[in-house]
Amino acid sequence: MNVLFICSRNQWRSPTAEQVWRRHPDLSVKSAGTSRNARKPLTPVLLQWADVICVMEQKHKNRIVAEYQRLIEHKPLHVLDIPDDYKYMDPELVSLLEEVVAHRLGL
């Protein structure tokens with residue numbers, strides 16, 4: 001299953017999610033950001049690659065739906081409700097991502 005993790009600037013939350021889940025045997029993971037200033041900006045190619053999309057906040061979902069509705073209309077899109085309160089690989093963020101993503105993806 002190809003899972004795309006998305007936050008705003010692809011600086012802390014989505015790269016942490018990518019790192020946490022990259023070794024799972026059933027998943028292929030990537031991350032991106034919705035901002036034009038993101039380290040790895042979201043592209044139509046990334047959305048086409050993804051089987052499942054996980055965004056950190058509702059605002060990310062809103063932006064993706066507004067810009068790419070046709071590309072994602074048949075794909076599961078999960079809002080993880082993880083605020084921008086963490087740095088890269090923060091132990092609390094790692095723990096939260098392990099729990100929330102496993103639950104949302106049924107792992």
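Colleague: In what order do the 4 strands of the open sheet stand?
Modeller: This is a predicted model. Its open sheet has 4 strands, and their pairing is parallel. From one strand to the next the twist averages 20 degrees. The order is E2-E1-E3-E4.

Colleague: Which are the edge strands?
Modeller: An edge strand here pairs on one side only. Two strands fit that description: E2, residues 28-33, and E4, residues 77-79. The edge strands are E2 and E4.

Colleague: How many bridges join E3 to E4, and what stands opposite Cys-54?
Modeller: E3 covers residues 52-55 and runs parallel to E4. The count of bridges between E3 and E4 is 3. Cys-54 faces a residue of E4, and that residue is His-78.

Colleague: Which strands does H3 touch, and at what angle to E4 does its direction lie?
Modeller: H3 spans residues 58-72 and packs on the sheet. It touches E1 (2-7), E3 and E4. Its direction makes an angle with that of E4 of about 170 degrees.

Colleague: Across which strands does H4 lie, and at what angle to E4 does it run?
Modeller: H4 is the helix of residues 91-105. It lies across E1, E3 and E4. Relative to E4, H4 runs at about 145 degrees.

Colleague: Is H1 roughly parallel or roughly perpendicular to H4?
Modeller: The two helices pack with their axes 10 Å apart. The angle between them is about 70 degrees. Angles of 65 to 115 degrees count as roughly perpendicular, so H1 and H4 are roughly perpendicular.

Colleague: Is the crossing of H1 and H4 left-handed or right-handed, and how many nonpolar residues are in the contact?
Modeller: The crossing is right-handed. H1 brings Arg-13, Thr-16, Ala-17, Val-20 and Trp-21; H4 brings Leu-93, Val-94, Leu-97, Glu-98, Val-101 and Ala-102. By class, 2 residues are charged and 1 is polar, and the nonpolar ones number 8.

Colleague: With which side chain does the side chain of Glu-18 make a polar contact?
Modeller: Glu-18 sits in H1, residues 13-21. Beyond four places in sequence, it is in contact with Phe-5, Val-29, Lys-30, Ser-31 and Lys-40. The side-chain polar contact, at 2.6 Å, is with Ser-31.

Colleague: How far apart in space are Gln-48 and Ile-72, C-alpha to C-alpha?
Modeller: Gln-48 belongs to H2, residues 44-49. Not counting residues up to four places away, Gln-48 touches Leu-71 and Lys-75. Gln-48 and Ile-72 are 24 residues apart in sequence, and their C-alpha atoms are separated by 7.9 Å.

Colleague: Which backbone oxygen does the side chain of Lys-75 reach?
Modeller: Lys-75 is in the loop between H3 and E4. Leaving aside neighbours within four places, its contacts are Leu-47, Gln-48, Ala-50, Asp-51 and Ile-53. At 2.4 Å, its side chain reaches the backbone oxygen of Ala-50.

Colleague: How far apart in space are Lys-75 and Ala-102?
Modeller: Ala-102 is one of the H4 residues that meet H1. In sequence, Lys-75 and Ala-102 are 27 residues apart. In space, C-alpha to C-alpha, they are separated by 18 Å.

Key
Residues numbered from 1 in each chain as written. Predicted model: local features only at pLDDT ≥ 70, side-chain atom pairs only at ≥ 80, totals over all residues. Heavy atoms only, no water. Contact = heavy atoms within 4.5 Å. Polar contact = N/O pair within 3.5 Å; in protein donor to acceptor, adjacent residues only side chain to side chain. Axes fitted to C-alpha atoms, helices over the stretch in contact; angles between N-to-C directions. Parallel < 35°, antiparallel > 145°, perpendicular 65-115°, else oblique. Left-handed = near helix turned anticlockwise from the far one by under 90°. Nonpolar A, V, L, I, M, F, W, Y, C, P; charged D, E, K, R; others polar. Pairing = 2+ DSSP bridges.
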